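Q: Hi! Could you walk me through the contacts and charged pairs in this one?
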Amino acid sequence: MAERSTDFDAIVVGAGPAGSCAAIELARAGKSVLLIERGPFPGSKNMYGGVVYPRILDELIPQWWEEAPIQRWVTRRSTMIMTPTQALTIDFRSQNWAAPPYNGATAYRPDFDHWLANKATDAGAQLLCSTVVTGVLRDSAGNVTGVRTDRPDGDLTAKVVIACDGVNSFIAKEVGLYGKADASNYTLGVKETLALPKETIDERFGVRGREGVDIEVVGCTEGVNGGGFVYTNLDTVSLGVVLKLPKLAAQKKRPEEIIASFKKHPAIAPLIEGAELKEYSAHVIPEAGYKMFPKLVGPGLLVAGDAAALCLAAGIWLEGVNFAMASGMYAGRAAAQALTRGNTGPDGLKPYLTMLDTSFVLKDHQKLQEIPHLVLSDRVQNQYPGFIANIVERMFRVDNPTPKPGLRRILLEERKRAGIRWRDLLRDGRTGMKGFG
Amino acid sequence: MTAFRTDWGTISFDDRMATSEFRIHERAHIVVDGDACRGCSTQECVVACPARLFVPTSDGGVLFNYEQCFECGTCYLVCNTKGAISWNYPEGGHGIVFHQT
Amino acid sequence: MTVVACLKWLTPHDADDRFGGISPADSSALEWALRLGEQRGEDVLAITVGPAAADTALRDALACGAQRAIRVDAVDELLSTDVAAAIASAIDGVDVSYVCCGDYSLDRGTGSVPAFLAAQIEARQALGLIEVVLGSDVIALRRLDGGRRERLRVDAPAVLSVEGATATLRRAPLSGALAARNATIEVVAGPVGSHLPTARRPYRPRARVLPPPKGGTLERVQSLLSGGAATKSHGVPVELSPDEAAERILAALDEWGYA
């Protein structure tokens, strides 16, 4: 391919975690890179549940924990199985997560993404905000040669374009990397940021200082497949639900109604009593994981982050920002290498796939590929929570003068009552073991 | 028409939406094909849009607002009627601005 | 000659600079300055009195086509007279044709900077405009009390203050937006300190401590039954010089709890 003169070596679309990490890699490799953000500042369009796992930043920003705008370090993780009147919690706490290099952290995305984008500009990337990329430029052979923006005289050329333009990724769709959009691959996350004094949060959630809590809930979404979450920030609590799109529409339940009923649950209400709503927000999540991945490499184009559907929604593991940062970093690295070699065609960009394949990015997704579907299945959502909660309730219920039933009997009876077939139970167990095992 | 429950809290939906910052642009970034919606019996967008931008009308159509849009994409993803909702991002610098999300 | 656009940057009290901005009226003023500049073949100078964060507004103006940007560095809140004086001093030596201002800032101050500025630079003024027509003359429509309108021909040099709906700011072209990020912004030192009252309060009388009621029970009951007429203060006609009258008014406001 003949070397053509372009405005930039690389253009990265979207200054979220994927885009900023891509830009850091490219800028540090000495490439000219423009990072385009449609919001007034990086992070202004971004919302998530509330926990980020930033260990992948060790490679890019050593000692990131000393400067990243973190709200609290997660030292307590709870998984809650809920029915309207019951709640079973598995609660884990580790002080090992209260010191560097930490584990999970709560952070606000407008803060975190803004900080990360500043790291990219520090490295030499150029940042242009308030600019929407409306499409890509392509030559007669179909190779991506730049982007078109929504500004007058808004075309820019580059040797490689990295699409980190989020879950709706109009770029990846335009270039034909996605198959037909299927609403069942997506969930809607709605969240309330609820203000409470720091001391109240510390007291109610049993933490001190910068320690924080991460609570994931299944069975709290009124029959709409999904889940709920409660995360502690410094002086707010992030509380929300994630809802499978087609189910939400079919069940005729409004998102804010489902949040409201979640907030009223006896296991949740005392945590947030008296809290004032500071901000209501919503975002779509690419939830289906491995099964919905688009092609990640196009002619002159790489796709990373939510745009590549790199979100891990595997029940006990709910991650996305780390996958975005890692995929962005590898995309930037692969693009920089391709630029150095002077080959930004599909085969020149292919090492991106190898990097993803050999890292956690695709390994985790491959291993857990059946899990998102399992977690959002009707049985896990609507039958198992009641089944499990009833078993526990009967175990702990003192029903004198009736003697205690054996666990075996409870299990058999409750299985029957819940209408769960052995076949399904075994199959789901196997799927779970295959993924989690 | 779907009757929504209203006992979900003391805060009105308008107050809820008022907690988010929107820098509204004069051009609508959502366009809805009214004829297509009149033939739609399910009207998923009305239920699913977290900002309640879609309102059913008495003649079976759908009225829509674009101003307080989270730009999430739910509406066009759930829409069963091909091409009824054309959706893009608002002009750069406009639309939703998150603070503590 | 040069057209000047005055912009007021504000950061919300509960958030940081990322969420700051200028008012729609200021955006309109910038658009009118750009149009005037194009029509008259003059340069456009964007100016602000504010902290470093206000550079964002100036860069946006440069991106849209302004040729020059000055920031008068001022961290504190200033009186409108001080802001006007700072702008006048910063553009001293610039051959000004028109100065365009928004008629309100995001914090809805007094809107008096344009008037003070006109006085400072000895220019004409046309304030609170709801329509501007650029032809061979600049014709401006002004809102008056009681729904009346005043149509003015505004010759240079003049200060215009416009409402937000008079014009929509153009979209900055990509080349302008890219160039503006690294463009030079002239920074001049601004007035130090603030003469503003330290506390801001709503415009209504403060609660005040009343002396304990005088007189016996019967008198107090009578006073209440009289519908307050017995205690109501009546206007006192006085004849005073303007200065004394102003003093008297201030004293009365103070007495009533407005101070």
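A: Happy to; we can start with an interface and then turn to salt bridges. Keep in mind that this is a predicted model.

Q: How many residues do chain A and chain C each bring to the contact?
A: Chain A gives 19 residues and chain C gives eleven residues. Together the two chains bury about 1200 Å², with 56% of that on carbon and sulfur atoms.

Q: And how many salt bridges are there between chain A and chain C?
A: There are two salt bridges between chain A and chain C. One of them pairs A:Asp111 with C:Arg18, where the closest N and O atoms are 2.8 Å apart. On top of that, ten residue pairs are in polar contact across the interface of chain A and chain C, counting pairs with both residues at pLDDT 80 or more.

Q: Which parts of chain A touch chain C?
A: Helix H2 (109–122), strand S7 (126–128) and strand S10 (155–163) of chain A each supply at least two residues to that side. By type, the residues on the side of chain A that touches chain C are eight nonpolar, six polar and five charged.

Q: OK, zooming out: what is the salt bridge count over all chains?
A: The count is 48 salt bridges over all chains. One of them is A:Arg333 with A:Glu25, with the closest N and O atoms 2.9 Å apart. That pair links distant parts of the chain: A:Arg333 sits in helix H8 (residues 321–341) and A:Glu25 in helix H1 (residues 17–28) of chain A, 308 residues apart.

Q: Is A:Glu25 buried or exposed?
A: A:Glu25 is buried, at a relative accessible area of 14%. Its partner A:Arg333 has 22% relative accessibility, so A:Arg333 counts as partly exposed.

Q: What does A:Glu216 pair with?
A: A:Glu216 forms a salt bridge with A:Arg77, and the closest N and O atoms are 3.7 Å apart. Because A:Glu216 lies in strand S12 (residues 211–218) and A:Arg77 in strand S4 (residues 72–82) of chain A, the pair ties together parts 139 residues apart in sequence. A:Glu216 counts as buried at 5% relative accessibility, and A:Arg77 counts as buried at 16%.

Q: Switching to chain C, which residue does C:Arg40 form a salt bridge with?
A: C:Arg40 bridges to C:Glu42, the closest N and O atoms being 3.0 Å apart. C:Arg40 is partly exposed, with a relative accessible area of 31%, whereas C:Glu42 is buried at 11%.

Q: Last one: which residues do salt bridges with shared partners join into one network?
A: That network is made of A:Arg379, A:Arg421, A:Asp424, A:Arg427 and A:Asp428.

Methods: Residues numbered from 1 in each chain as written. Chains lettered and ligands numbered in written order. Predicted model: local features only at pLDDT ≥ 70, side-chain atom pairs only at ≥ 80, totals over all residues. Heavy atoms only, no water. Contact = heavy atoms within 4.5 Å. Buried area = accessible area lost by both parts, 1.4 Å probe. Salt bridge = Lys/Arg side-chain N within 4 Å of Asp/Glu carboxyl O. Polar contact = N/O pair within 3.5 Å; in protein donor to acceptor, adjacent residues only side chain to side chain. Helix = DSSP H or I, 4+ residues; strand = E, 2+ residues; numbered from the N terminus. Nonpolar A, V, L, I, M, F, W, Y, C, P; charged D, E, K, R; others polar. Buried < 20%, exposed > 50% of the residue type's maximum accessible area, 1.4 Å probe, protein only.
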